[in-house]
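Please look at the sequence and the model together, and take your time over the parts where the text names a residue. The report below begins with confidence and then turns to the salt bridges and the surface.

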Amino acid sequence: MLKVLNASRRASRIYVRLVGRDTGAVINGEAMPSLPSSVLAVMQGDRGAAVNPPLQSSVLGAWEIPMDIAVEGLRTLALTLTDRRP
């Protein structure tokens, strides 16, 4: 019970997740992101493995930002990042 309460989100924090497009699968309840397409094809072809539908995204990072006041709501921002290195 304490573990569940400690893991619950608090109203005095902002939670940020950076999600990126990624290919992967959930196999036997475990997420396996960033799989090469050849590996994903083999795993989906294996009838003995408990493979769920493929993942389309994965969490690249997650942060908690403490606030002095209670906050409420949800905001989703879509960003397109490009590589401008020479």
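This is a predicted model, and the protein averages a pLDDT of 79, with 87% of the residues scoring at least 70. Among the elements of the protein, the lowest mean pLDDT, 70, belongs to helix α1 (residues 2-7), whereas β3 has the highest, 85.

**Salt bridges**

The structure holds 2 salt bridges, and the table gives the partners of each one with the distance between their closest N and O atoms.

| Acidic residue | Basic residue | Closest N and O atoms |
|---|---|---|
| Glu64 | Arg13 | 3.3 Å |
| Asp83 | Arg85 | 2.8 Å |

In the pair of Glu64 and Arg13, Glu64 lies in strand β3 and Arg13 in strand β1, so this salt bridge ties together parts that are 51 residues apart in sequence. Glu64 is partly exposed, with a relative accessible area of 46%, and Arg13 is also partly exposed, with a relative accessible area of 26%. In the other pair, Asp83 and Arg85 are both exposed.

**A nonpolar patch**

Which residues form a nonpolar patch on the surface? The patch is made of Ile14, Val16, Leu18, Leu60, Trp63, Ile65, Met67, Ile69 and Val71, which together have about 750 Å² of accessible area. Two or more of these residues come from β1 (13-27), and two or more from β3 (55-66). Leu18, one of the patch residues, lies in strand β1 and is partly exposed, with a relative accessible area of 40%; it can belong to the patch because patches are made of residues with over 30% relative accessible area and no salt bridge.

Methods
Residues numbered from 1 in each chain as written. Predicted model: local features only at pLDDT ≥ 70, side-chain atom pairs only at ≥ 80, totals over all residues. Heavy atoms only, no water. Patch = residues over 30% accessible without salt bridge, like charges linked within 9 Å, V, L, I, M, F, W, Y side chains within 5 Å. Areas by Shrake-Rupley, 256 points an atom, 1.4 Å probe, with all protein chains shown as cover. Salt bridge = Lys/Arg side-chain N within 4 Å of Asp/Glu carboxyl O. Helix = DSSP H or I, 4+ residues; strand = E, 2+ residues; numbered from the N terminus. Buried < 20%, exposed > 50% of the residue type's maximum accessible area, 1.4 Å probe, protein only. pLDDT = per-residue confidence, 0-100.
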